[in-house]
Amino acid sequence: MDSGRTTGADGRSTAPNIFSVQLHEHDRSTLSDLEKALISELTDAAKQYAKDEGFSLVGDVVVTITTDPSLKPGKFEVQAAVKAAAATASGLSGSTSSSLREAERSSEVSPAPVVPPAPSVPVAPVTPPTVATPSIPPVPAPAAAPPAPEKRAVLVLGDGTKVAVKPGVLSIGRSAESSVPLNDTNVSRRHAEIRSRGEGARIEWFLSDVGSTNGTMLNGVKISGEQKLKNGDALMFGGTSARFEVS
């Protein structure tokens with residue numbers, strides 16, 4: 001939901017509401033007795049997470065479980081999409097059929113009226129100019145300015161490791177599921193996040209602590225709430241230092 005969300009001009013984030021969980025055939029058969037309850041639990045979890053994060057949804061949350069023979073046992077993939085609720089086929093069909101029947105009855109009652117051609121309007125002859133008008137060369141259009149280069153961000157860890165900060169959400173923590181997993185006992189499993197807003201040359205990045213135990217530092221100051229990042233900012237997650245660079 002985080003990686004598939006988009007931000008509108010009003011600053012509100014719209015998250016996916018359609019999810020397809022793909023499993024190996026063996027794994028799905030193992031969960032066959034629990035599949036209906038699992039779908040219900042995943043649907044409720046997605047709704048609650050969207051509510052907690054303040055995400056907008058364009059339609060009801062729908063979760064399906066499918067089989068993918070290309071996956072290995074024990075592995076799964078989730079595909080997410082944003083999709084509004086469509087009009088029902090029955091409603092559309094009924095409306096179309098009703099319109100066709102009305103059109104047929106109208107055509108049986110009276111033929112289409114014949115519209116007489118519009119009378120021709122005499123056109124006055126063009127009088128040639130008495131004085132020749134000099135030809136004025138067209139003014140060349142100014143060359144379009146080249147587009148501003150796209151900004152790119154990198155998180156440089158204390159050991160020199162560089163992590164590209166891609167558009168979306170970059171999660172930082174001790175958990176192996178984090179975008180930037182840190183092997184530091186002073187770092188919480190879910191420690192901090194870096195979120196992007198905008199795109200191209202107007203993209204901006206914001207740092208926030210997500211309830212870590214030891215806090216997150218920005219240029220030596222412990223942050224609370226969301227803070228805008230700029231090139232060269234010094235970060236500290238627990239006992240792990242990093243530097244934010246923009247090029």
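This section describes the fold, strand pairing, nonpolar cores and selected side-chain contacts of a predicted model.

The chain has 247 residues, and buried residues make up 27% of them. Its secondary structure comes to three helices and 16 strands. Among contacts with a separation of 6 or more, 53% join residues 24 or more positions apart.

Six strands form an open sheet. Their order is β7-β6-β16-β15-β12-β13, and the pairing is antiparallel. Strands β7 and β13 (221-222) are the edges, each pairing on one side only. Strand β12 (residues 216-218) is joined to β13 by two bridges. In this antiparallel pair, L218 stands opposite V221 of β13. Strands of a sheet pair through backbone hydrogen bonds, either parallel or antiparallel.

M217 also belongs to β12. With a relative accessibility of 28%, M217 is partly exposed, because the buried class is limited to values under 20%. Beyond its neighbours within four places in sequence, M217 is in contact with K222, A234, L235 and M236. M217 and L235 are 18 residues apart along the chain, yet their C-alpha atoms are separated by 5.6 Å.

L235 is also among the residues with the most contacts inside the largest nonpolar core. The others named there are L155, I194, L207 and F237, and the core has 22 residues. Two or more residues come from each of β6 (153-157), β7 (162-165), β8 (169-173), β10, β11, β15 (233-237) and β16 (240-246). β6 gives the most, with three residues. Outside the four-place sequence window, L235 touches L155, L207, M217, L218, L229, T240, S241, A242 and F244. Two of these contacts, L155 and L207, are themselves listed with L235 as residues with the most contacts in the core. A second core is separate and holds 11 residues, including A15, F19, F55 and V63. In soluble globular proteins, nonpolar side chains tend to be buried together.

F55 of the second core also takes part in an aromatic pair with Y49. The count of aromatic pairs in the model comes to two. For Y49 and F55, the ring centres are 6.2 Å apart and the planes meet at 70°. The pair is therefore edge-to-face, since that class requires an angle over 60 degrees. The two partners differ in burial class: F55 is buried at 10% relative accessibility, whereas Y49 is partly exposed at 26%.

Strands β10 and β11 supply residues to the largest core and also pair with each other. Six bridges join β10 to β11 (residues 204-209) in the antiparallel sense. R195 stands opposite F206 of β11. The hairpin has six residues between its strands, and G198 adopts a positive phi near 85°. β11 pairs in addition with β14 (residues 226-228), again antiparallel, over three bridges. Here F206 stands opposite K228 of β14. F206 thus has R195 opposite in one pairing and K228 opposite in the other. The ring of F206 also lies under the charged end of R197, which sits 4.6 Å from the ring centre.

S196 is a further residue of β10 (residues 192-197). S196 is buried, with a relative accessible area of 8%. A polar atom of the S196 side chain lies 2.7 Å from the backbone nitrogen of G168. G168 is also one of the contacts of S196 beyond four places in sequence, together with R5, P167, I203, E204 and W205.

A second serine, S32, has a different setting. S32 lies in the loop between α1 (25-30) and α2 (35-53). S32 is partly exposed, with a relative accessible area of 44%. A polar atom of the S32 side chain is 2.9 Å from the backbone oxygen of S29. The S32 side chain thus faces a backbone oxygen at that distance, while the S196 side chain has a backbone nitrogen as its partner.

Note on methods: Residues are numbered from 1 along each chain as its sequence is written. This is a predicted model: local features need pLDDT of at least 70, side-chain atom pairs count only at pLDDT 80 or more; totals for chains, interfaces and linings use all residues. Side-chain values use heavy atoms; hydrogens and water are left out. Helices (H or I, at least four residues) and strands (E, at least two) are DSSP runs, numbered from the N terminus. Buried means under 20% relative accessible area, exposed over 50%, partly exposed in between (1.4 Å probe, protein chains only). A polar contact is a pair of N or O atoms within 3.5 Å; within protein, one must be able to donate a hydrogen and the other to accept it, and residues adjacent in sequence count only if both atoms are side-chain atoms. Contact means heavy atoms within 4.5 Å. Rings of Phe, Tyr and Trp (its six-membered ring) pair if their centres lie within 6.5 Å; planes under 30 degrees apart count as stacked, over 60 as edge-to-face and the rest as tilted. A charge sits over a ring if NZ of Lys or CZ of Arg is within 6 Å of the ring centre and within 35 degrees of the ring normal. Two strands pair if DSSP finds at least two bridges between them. A nonpolar core is a set of buried Ala, Val, Leu, Ile, Met, Phe, Trp, Tyr and Cys residues joined through side-chain atoms within 4.5 Å.
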